[in-house]
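Let's take a walk through this structure together. Please have the sequence and the 3D view at hand as we go.

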Amino acid sequence: MRRWHRTRQVINYVNLSTPAGLLIALIGGARPRRGEQGLIFAHGYRIPFPVAGAFTVGNVVLTKNADGYLSGRLLDHEARHASQYVACVGLPMIVLYLVASGVSYALCGNPASWNAFERLAGLDDGGYPHKDVRWRRSREGRSGHDVHDR
């Protein structure tokens with residue numbers, strides 16, 4: 001395991017975000033196991049919130065999907081979220097993330113496209129759309145230009 005993965009692992013235990021993620025996994029009926037990059041994969045999450053293919057709390061990546069889903073670019077995206085818990089000193093990340101989702105939704109109608117946490121984790125890697133802000137789409141629509149979401 002790389003030094004950063006181990007450091008992130010320890011910090012996210014100490015800041016209580018990983019224990020919170022394990023509790024959420026338990027409540028949601030997910031089966032935790034050791035994963036790559038010092039993460040814990042929790043497959044079989046049964047609660048329908050949040051609406052996402054996967055989400056991360058501390059070093060725990062939760063998904064309703066089966067083994068093998070957490071790989072490649074998606075895994076790298078979720079690992080970046082685990083690092084964000086370190087930067088946000090643990091559980092405040094959840095509140096900050098929700099605020100960022102609300103701001104993104106207000107800006108473009110999508111909770112991820114302008115969410116700073118999702119942008120820093122890589123929108124493409126997480127499978128999120130690149131949507132223009134509402135006022136830009138309105139202006140382009142009035143000027144006769146085609147409006148495209150990337």
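What follows is a short tour of some backbone and surface features.

Keep in mind that this is a predicted model. A good place to begin is the stretch after helix 1, which spans residues 3-14. In the loop that leads from there to helix 2 sits L16. Its phi is near 70°, a positive value even though the residue is not a glycine.

Moving on, we reach helix 2, made of residues 17-27, and I27 belongs to this helix. How exposed or buried is I27? Its relative accessible area is 61%, and because exposed means over 50%, I27 counts as exposed. I27 also has nonpolar company: together with L23, L26, I47 and F49 it forms a nonpolar patch on the surface. The accessible area of these residues together is about 560 Å².

Next, look at the loop between strand 1 (31-34) and strand 2, where you will find Q37. Here is another positive phi in a residue other than glycine, with a value near 55°. Q37 has a relative accessible area of 22%, so it is partly exposed, given that buried would need a value under 20%.

Finally, let's return to F49, one of the members of the surface patch. Which kind of peptide bond joins F49 and P50? The bond is cis, with omega at about -5°. To find P50 in your view, follow the chain past strand 2 (40-43): P50 lies in the loop between that strand and strand 3 (55-57). F49 thus takes part in two features of this tour, because it contributes to the nonpolar patch and is joined to P50 by the cis bond.

Key: Residues numbered from 1 in each chain as written. Predicted model: local features only at pLDDT ≥ 70, side-chain atom pairs only at ≥ 80, totals over all residues. Heavy atoms only, no water. Patch = residues over 30% accessible without salt bridge, like charges linked within 9 Å, V, L, I, M, F, W, Y side chains within 5 Å. Areas by Shrake-Rupley, 256 points an atom, 1.4 Å probe, with all protein chains shown as cover. Salt bridge = Lys/Arg side-chain N within 4 Å of Asp/Glu carboxyl O. Helix = DSSP H or I, 4+ residues; strand = E, 2+ residues; numbered from the N terminus. Buried < 20%, exposed > 50% of the residue type's maximum accessible area, 1.4 Å probe, protein only.
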